[in-house]
Amino acid sequence: MKKRKKLSGNGAENIHWDLSDLYPGINSEELKSDQEKVVELSKKFNKDYRGKVSGMSHVEFAEALSTYEEIIQIMGRIGSFAYLQWSTATEDANLGKFLQASNELSSEVSQDLTFFNVEWLQLSDDKADQIIESEELKKWKHYLEVSR
């Protein structure tokens, strides 16, 4: 059997991503603020809308979707930042902990939001079609159709 020559690197070890468009760092105030904000928003979303989807007006549904969208965007930014930070140095235990904490935060937020999709799917097709076709929800028409 022929021995393979061990490579010292693949060239990626010298690549450094600038993730400052997401957050300045894992200990930044901006990140901490978004982590707190996304928990507050998801808890408030749950409190404000759980059990109420079937009785919402089109305007209320649009307000709910706007907040839902904001929560998903913040959580996506946090999750992307955590994963990209970790992927640049997978041997760094602090980045591993940060990624794990981000995943746990995502799970916590998801638990607060799950009811919304369940209640949306429980609506009759006629009621859902009225919502989907409403002027107030035009912005989310594709999402609403696909989610049904």
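Helices and strands are here DSSP runs, with at least four residues for a helix and at least two for a strand, numbered from the N terminus.

**View 1. The whole chain, a predicted model built from helices.** In this predicted model, the elements follow one another from the N terminus as α-α-α-α-α, and the secondary structure comes to five helices and zero strands. The protein has 148 residues, of which 32% are buried. Among the contacts with a separation of 6 or more, 74% join residues that stand 24 or more positions apart. The accessible surface comes to about 10,000 Å², and carbon and sulfur atoms account for 49% of that area.

**View 2. Helix α2 and what its buried residues pack against.** Helix α2 covers residues 58–88, and its 31 residues reach 44 Å from the first C-alpha to the last, which is close to the 45 Å expected at 1.5 Å a residue. Its buried residues include the aromatic side chains of F61, Y68 and F81, together with others such as L65, I71, I74, M75, I78 and Q85. The buried residues of α2 pack against α1 (29–49), α3 (93–122), α4 (125–133) and α5 (141–147).

**View 3. The largest nonpolar core, with V38 as one of its members.** This core holds 36 residues, and those that touch the most other members are V38, F45, F61, F116 and L144. At least two of the core residues come from each of α1, α2, α3 and α4, while α2 supplies the largest share, 11 residues. Leaving aside residues up to four places away in sequence, V38 touches I71, I74, M75 and I78, and also L105 and V109. Of these partners, I71, I74, M75 and I78 are listed among the buried residues of α2, whereas L105 and V109 are listed among those of α3.

**View 4. Helix α3, its start and its kink.** The 30 residues of α3 should span 44 Å at 1.5 Å a residue, and the end C-alpha atoms are 43 Å apart, so the two values agree. Along this helix there is nevertheless a kink of about 40°, centred on D112, and D112 is itself one of the buried residues of α3. Other buried residues of α3 include F98, L113, F115, F116, E119 and W120, and what covers the buried residues of this helix includes α1, α2, α4 and α5. At the start of α3, a side-chain oxygen of D92 comes to within 2.9 Å of the backbone nitrogen of N94.

**View 5. R77, a partly exposed residue of α2.** R77 has its place in helix α2, and its relative accessible area is 29%; because buried means under 20% and exposed over 50%, R77 is described as partly exposed. Apart from residues up to four places away in sequence, R77 touches L22, Y23 and D34. L31 is 46 residues from R77 along the chain, yet the C-alpha atoms of R77 and L31 are separated by 9.5 Å.

**View 6. S134, a buried residue between two helices.** S134 is found in the loop between α4 and α5. Its relative accessibility is 8%, so S134 counts as buried, the limit being under 20%. A polar atom of the S134 side chain lies 2.8 Å from the backbone oxygen of I131.

Notes. Residues are numbered from 1 along each chain as its sequence is written. This is a predicted model: local features need pLDDT of at least 70, side-chain atom pairs count only at pLDDT 80 or more; totals for chains, interfaces and linings use all residues. Side-chain values use heavy atoms; hydrogens and water are left out. The expected span of a helix is 1.5 Å times one less than its number of residues. Buried means under 20% relative accessible area, exposed over 50%, partly exposed in between (1.4 Å probe, protein chains only). Contact means heavy atoms within 4.5 Å. A nonpolar core is a set of buried Ala, Val, Leu, Ile, Met, Phe, Trp, Tyr and Cys residues joined through side-chain atoms within 4.5 Å. Accessible areas come from the Shrake-Rupley method with a 1.4 Å probe; for residues, only the protein chains shown count as cover. The bend at a residue is the angle between axes fitted to the seven residues ending there and the seven starting there. A polar contact is a pair of N or O atoms within 3.5 Å; within protein, one must be able to donate a hydrogen and the other to accept it, and residues adjacent in sequence count only if both atoms are side-chain atoms.
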